[in-house]
Amino acid sequence: MDIDKEKKEKLDNIVKDLLKEKFVLAFSGGVDSSLILKLASMYRKERNDVVAIMYNTNTTPDGDLENAQSLARDMDVELKVVDIDVFDNEYIKNNTIDRCYHCKSFLFEQAFKLKDELGYKYVVDGSNLDDKKVFRPGVRALNDKGVVSPLEMAGFSKDMVRAYAKELNLSVYKRPSAPCLATRFPYNHLIDTDKFEAINKAETFLKTFDLKNVRVRVYGDNTRIEVDRDDFDKIFPHIDEIVKKLKGLGFTYINLDLEGYRSGSMDEVVDEEEKIKLNPWLANER
């Protein structure tokens with residue numbers, strides 16, 4: 001994918017302007033925030049013009065922390081890791097429909113606290129243009145708090161982010177999205193945190209079959225596996241092995257979702273009016 005030169009220049013200039021008064025970047029190690037960190041590392045005048053912060057929570061998928069630390073080290077950017085128990089918050093623990101709003105609000109308090117301690121002006125994140133086209137209550141929390149989103153401001157879609165990241169030789173340009181583990185449970189049910197380790201192990205095991213996208217969703221005794229439909233042929237020869245492994249991890253009924261992987265499948269049960277109420281900009285997409 002070719003990116004319009006003017007769009008790249010616009011993004012570069014936004015990052016340059018933010019660096020003038022320094023910023024804290026909410027960093028996950030995903031392609032979006034990694035692109036922002038890469039540009040910041042290229043255009044900063046002093047090493048500490050940008051500091052990255054990562055929230056290491058109960059819901060962080062396995063490998064994310066190590067990946068983020070490696071990227072920050074490669075770019076010679078200081079990364080502050082904040083360990084947080086998000087289940088101190090009742091909305092998050094009970095997985096309400098607007099859980100993501102409360103979670104982002106809770107987490108970004110740490111970024112603003114760090115910004116103030118350092119005397120920096122901005123808190124920045126990696127939200128892109130596509131994040132406002134789907135049900136993402138957390139985006140509203142960022143807007144409410146005044147988080148700056150350079151990718152969205154520059155008009156970058158996810159595909160454009162990946163293309164620019166590839167152009168800059170970022171190793172994560174093809175990395176699949178890795179949302180928090182709370183997205184593996186249905187809304188308005190108490191999240192069974194005891195299942196997190198098993199979910200991590202199950203998804204890690206399934207990825208050994210060369211699967212791009214994998215989700216293990218849990219509904220009590222029922223487990224729903226999502227993989228890309230194009231990858232079903234990689235699953236079927238190993239059904240017995242997969243069932244044995246997942247049952248060994250404590251899952252009871254093992255199901256393959258015939259619709260295949262789709263981001264935000266847990267949101268399919270949320271009423272459209274409720275989605276627009278929580279994310280007003282979605283009205284423009286309907």
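These exercises, each with a worked solution, walk through the predicted model shown above.

Local features here need pLDDT of at least 70 and side-chain atom pairs count only at pLDDT 80 or more, while totals for chains, interfaces and linings use all residues. Residues are numbered from 1 along each chain as its sequence is written, and side-chain values use heavy atoms, with hydrogens and water left out.

**Exercise 1. The parallel sheet**

Work out in which order the 4 strands of the open sheet with parallel pairing are arranged, and which strands sit at its edges.

Solution. Start with the rules: helices (H or I, at least four residues) and strands (E, at least two) are DSSP runs numbered from the N terminus, and two strands pair if DSSP finds at least two bridges between them.
- Step 1: the order is β3-β2-β1-β4.
- Step 2: the edge strands are β3 (79-84) and β4 (122-124), each of which pairs on one side only.
- Step 3: on average, and ignoring direction, neighbouring strands are turned by 25° against each other. For angles such as those below, axes are lines fitted to C-alpha atoms (for helices, over the stretch in contact), and the angles run from 0 to 180 degrees between N-to-C directions.
- Step 4: look at one pair in detail. β1 (residues 23-26) and β2 (residues 50-57) run parallel and are joined by 4 bridges; Val 24 has Val 51 in β2 as its bridge partner.

**Exercise 2. Helices against that sheet**

Find which strands helix α1 touches, and which strands helix α2 lies across.

Solution. Contact means heavy atoms within 4.5 Å.
- Step 1: α1 (residues 5-20) packs on the sheet and touches β1, β2 and β4, with its direction at about 125° to that of β1.
- Step 2: α2 (residues 31-43) lies across β1, β2 and β4, and runs at about 150° to β1.

**Exercise 3. A helix pair**

Describe how α1 and α8 cross, and list the residues that meet.

Solution. Two packed helices are described by the angle between their axes and the distance between the axes.
- Step 1: the axes of α1 and α8 come within 12 Å and cross at roughly 80°.
- Step 2: α1 is therefore roughly perpendicular to α8. On this scale, angles under 35 degrees count as roughly parallel, over 145 as roughly antiparallel, 65 to 115 as roughly perpendicular and the rest as oblique.
- Step 3: Lys 7, Lys 8, Leu 11 and Asp 12 of α1 meet Met 160, Tyr 164 and Glu 167 of α8.

**Exercise 4. The mixed sheet**

Give the strand order of the open sheet of 3 strands, and say which helix packs on it.

Solution.
- Step 1: the order is β5-β6-β7, and the pairing is mixed.
- Step 2: β5 (214-219) and β7 (253-256) are the edge strands, each pairing on one side only.
- Step 3: from one strand to the next, the twist averages 25°.
- Step 4: β5 pairs with β6 (residues 222-227) in the antiparallel sense over 6 bridges, and Val 214 stands opposite Val 227 in β6.
- Step 5: α9 packs on this sheet, touching β5 and β6, and its direction makes about 145° with that of β5.

**Exercise 5. Cysteines**

How many disulfides does the structure hold, and why is Cys 100 not bonded to Cys 103?

Solution. A disulfide is a pair of cysteine sulfur atoms within 2.5 Å.
- Step 1: the structure holds 0 disulfides.
- Step 2: the sulfur closest to that of Cys 100 belongs to Cys 103, and at 6.6 Å it is too far for a bond.
- Step 3: Cys 103 is in no disulfide either, since its nearest cysteine sulfur, in Cys 180, is 5.8 Å away.
- Step 4: compare exposure, where buried means under 20% relative accessible area, exposed over 50% and partly exposed in between (1.4 Å probe, protein chains only). Cys 100 is partly exposed at 22%, whereas Cys 103 is buried at 11%.

**Exercise 6. Unusual phi**

Locate Asp 76 and Asn 169, and decide whether each is buried, partly exposed or exposed.

Solution. Most residues other than glycine have a negative phi.
- Step 1: Asp 76 has a positive phi of about 55°. Asp 76 is in the loop between α3 (64-74) and β3, and is partly exposed at 40%.
- Step 2: Asn 169 has a positive phi of about 60°. Asn 169 is in the loop between α8 (158-167) and α9 (196-207), and is exposed at 70%.
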